[in-house]
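Please look at the sequence and the model below. The report that follows goes through selected parts of the two chains, one topic at a time.

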Amino acid sequence: MSGALLSVEDAVVDLPTPRGNLRAVDHIDLAVGAGRTLGIVGESGCGKTMLSRAVLQLLPKKAKLSGRVMFNGQDLTTLSAEKLRKLRGRSLAVVFQDPMTSLNPVLTIGTQLIETIQEHLELDLAQARQRSIELLAAVGIPAPEQRLAQYPHQLSGGMRQRVAIAIALSCEPQLLIADEPTTALDVTIQAQILDLLAREQQRRHMAMIIITHDLGVVAGRTDEVAVMYAGRVVERAPTPALFKQMRMPYTEALLAALPKLDVAPHTPLPAISGRPPDPTRPLKGCSFSPRCRYSAGRCTTEKPRLSPAETQEHLYACFHPIAAGAGA
Amino acid sequence: MLQAASDPLMKVENLVVEYSVGGKTIHAVSDVSLEIARGETLGLVGESGCGKSTLGRAVLQLRQAVSGKVLFDGHDLTTLKGEPLRKMRRRVQLIFQDPIASLNPRRRIGDIVAEPLVIAGVKDPEERKRRVDEVLSAVGLDPALVSGRLPHEFSGGQCQRICIARSLVLNPEFVICDEPVSALDVSIRAQILNLLEEMKARYGLTLLFIAHDLAVVKAVSDRVAVMYLGRLCEVGPSEQLFARPAHPYTALLIEAIPVPDPDVVRPRACRSASRRRRSPRPPAVASAPAVRGPMRAVPARCRNCAWWHPASSRLAITH
């Protein structure tokens, strides 16, 4: 973990709700090095977005965060609002799921790009404008000069997401967080946007975190994957190792539930029965145990810890991991 | 197994739907013909804006077609009006993409599911309750627990179950599913797809399944129709269409599906062709947009291809 650009250490996020305390993020440790890509996978409500907001220090006001978020040697949880503002958009950038709501509908694309650039870099208007045009061209937007004068509603969803990526890349960030960047988009556009992110990540040697609910999106596009369930990381491994041998039943179930092209039509999908537990009513045992087909014995009474498998890089939290020779 | 039989339940002939936007005419659906046999599931795929939802709505007569016919069980729906159309609509139902938005937040689940019965003139409350309870149990919800509750108390997947129950309460023969799982998570998506298959068998339904995700469409469809810019570019049996796509656009859609295996060498995404074919008249073959970018060569013979034929020299197929 040493030398990581970003390391999240023992992060806990608590949200007070009328129904009691909601633990959105439950003791999470993560790290990403420069030039590396981490995928965070999980269902809605598993806390993956809250985790990314904890990194960005953009949690709701009522939320309580404990633990440390180390970025470039600084603990972001202790920085002043002023310092954070200088960091966000400059070194720490984010692309959100829905480009329609993350772009301002009443400002032109140009205004939004130039504003970000001038906020963080010392460029005059003409230079900032030139840079905006270059950025739009880099993210594959045709006729970038004319786009500057357009409003978000005049662009398609894929083009809007490209603009959001251009804004995120505008100040050469060290870390880019892409929170479900393609969920609102079509399959063909999704592939284009993921390719674009991968290309820019390589070219700029950025660290990147891709948050998604689709294991297909992270395969082949990330160096490491962390699978989240009910606020915890339940399996973490280098991407090739994870897809070669999944240990956590949840990861396996998530993969099995994806419709596959090589399966004949009308084959029933192995769905995960039930739904995630109520986060305001934490379970005593493993949070996945009510839905898990391997659940037995202490699964319902004791929480498994995230611990290494055969290699130090492959971690999982399960008492009855999927067999790979070694018993639990 | 199920080929379009001699007596299809739904037959769409040369359907044209246009919207006029700011003085311009947009061809949402241009000259589409389809047949769906009884008991068959036809998948309809295409990107946003290709006209697939408009086609679904035009079939139900929620959009007025400019020309063409929609023959349901031999009756042309486009010529029906008023009470006869309303009667026919009981046999054709629709499930929408966003399950939460398609439920009235202020009404109780029992009332929401009973509403089609009220409209259909089922006066006896006991009878209504019996049918609502039956259909709620069929979709895997406990009627005693859910009937009195409001939509916000349910998750997206459960709301979609409620929407499915509502669409089935009148015992329809034909159900149009418009992106029924694209708003749902992977694990819930599989549950809902399985449920649709179950309901299809239980109620003997014929489905038009609209989605943009080919893998999802393949999981449930006997045949698949691929739509692009208001036209069908390929129609074929699912297995055949996926194994040997005849149209380059179909091949492009298949390649774009993320594969959950890091060892799969993925071709870089193709740039999709220009989507700006919104001129007043459908263009001649010669002016159809070319598909650019790397793409594997495709068979020249096309099963059921519309305007840009793969053999056409206008089509730049390069590596």
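## Helix H1 of chain A

In this predicted model, A:Gln57 comes just after H1(A) and takes a positive phi of about 60°. Helix H1 itself covers residues 48-56 of chain A, and 8 of its 9 residues are buried, so the helix is largely enclosed by the rest of the structure. The buried residues in H1(A) are A:Lys48, A:Met50, A:Leu51, A:Ser52, A:Arg53, A:Ala54, A:Val55 and A:Leu56.

## Other residues with positive phi

A:His266 has a phi near 70°, a positive value in a residue other than glycine. A:His266 lies in the loop that runs between helix H11 (249-256) and strand S11 (307-308) of chain A. With 16 other C-beta atoms within 10 Å, A:His266 is partly exposed.

In chain B, the phi of B:Asp31 is positive too, near 55°, and this residue is not a glycine. B:Asp31 belongs to a strand, S2 (residues 24-36) of chain B. Its surroundings hold 17 other C-beta atoms within 10 Å, and B:Asp31 is partly exposed.

## Hairpins and strand pairs in chain A

Strand S1 (residues 6-17) and strand S2 (residues 20-32) of chain A are paired in the antiparallel sense, with 9 bridges. The two strands S1(A) and S2(A) make a hairpin that has 2 residues between them. One bridge sets A:Pro16 against its partner A:Asn21 in S2(A).

A hairpin is also formed by S9(A) and S10(A), again with 2 residues between the strands, and A:Ala230 in the turn has a positive phi of about 50°. Strand S9 (residues 224-229) of chain A pairs with S10(A) in the antiparallel sense over 6 bridges. In this pair A:Met228 stands opposite A:Val233 in S10(A). S10(A) is further joined by 2 bridges to strand S12 (residues 315-316) of chain A, and these two run antiparallel. There A:Arg236 stands opposite A:Leu315 in S12(A). Strand S10 (residues 232-238) of chain A has 6 of its 7 residues buried, so it is largely enclosed by the rest of the structure.

## Chain B as a whole

Chain B contains 10 helices and 10 strands. It has 319 residues, of which 48% count as buried. Among the contacts in chain B with a separation of 6 or more, 68% come from residues 24 or more positions apart.

## The sheet of chain B

In chain B, 6 strands form an open sheet with mixed pairing, in the order S6-S7-S8-S3-S9-S10. Its edge strands are S6 (92-95) and S10 (231-237) of chain B, each of which pairs on one side only. On average, and with direction ignored, neighbouring strands of this sheet are turned by 15° against each other.

Within this order, strand S7 (residues 174-178) and strand S8 (residues 206-211) of chain B run parallel and are joined by 5 bridges. B:Asp178 stands opposite B:Ile210 in S8(B).

## Two helices of chain B

How do two packed helices get described? The angle between their axes and the distance between the axes serve for this. For helix H6 (residues 156-168) and helix H7 (residues 186-203) of chain B, the axes come within 10 Å and cross at roughly 15°. Angles under 35 degrees count as roughly parallel, and so H6(B) is roughly parallel to H7(B). The crossing of H6(B) with H7(B) is right-handed.

From H6(B), the residues in this contact are B:Gly156, B:Gly157, B:Gln160, B:Arg161, B:Ile164 and B:Leu168, and they meet B:Ile188, B:Gln191, B:Ile192, B:Leu195, B:Met199 and B:Tyr203 in H7(B). By class, the contact of H6(B) with H7(B) has 7 nonpolar, 4 polar and 1 charged residues.

## Where the chains touch

The contact between the chains takes 36 residues from chain A and 40 residues from chain B. On the side of chain B that touches chain A, at least two residues each are supplied by H7, helix H8 (214-220), helix H9 (238-243) and helix H10 (248-256) of chain B. H7(B) gives the most to this side, with 7 residues. Sorted by class, the side of chain B that touches chain A has 20 nonpolar, 10 polar and 10 charged residues.

Notes:
Residues are numbered from 1 along each chain as its sequence is written. Chains are lettered from A and ligands numbered from 1 in the order in which they are written. This is a predicted model: local features need pLDDT of at least 70, side-chain atom pairs count only at pLDDT 80 or more; totals for chains, interfaces and linings use all residues. Axes are lines fitted to C-alpha atoms, for helices over the stretch in contact, and angles run from 0 to 180 degrees between N-to-C directions. Helices (H or I, at least four residues) and strands (E, at least two) are DSSP runs, numbered from the N terminus. Angles under 35 degrees count as roughly parallel, over 145 as roughly antiparallel, 65 to 115 as roughly perpendicular and the rest as oblique. A crossing is left-handed if the near helix is turned anticlockwise from the far one by less than a right angle, and right-handed if clockwise. Two residues are in contact if their C-beta atoms, placed from the backbone, lie within 7 Å. Ala, Val, Leu, Ile, Met, Phe, Trp, Tyr, Cys and Pro count as nonpolar, Asp, Glu, Lys and Arg as charged, and the others, Gly among them, as polar. Two strands pair if DSSP finds at least two bridges between them. A residue is buried if 20 or more other C-beta atoms lie within 10 Å of its own, exposed if 12 or fewer, and partly exposed in between; C-beta atoms are placed from the backbone.
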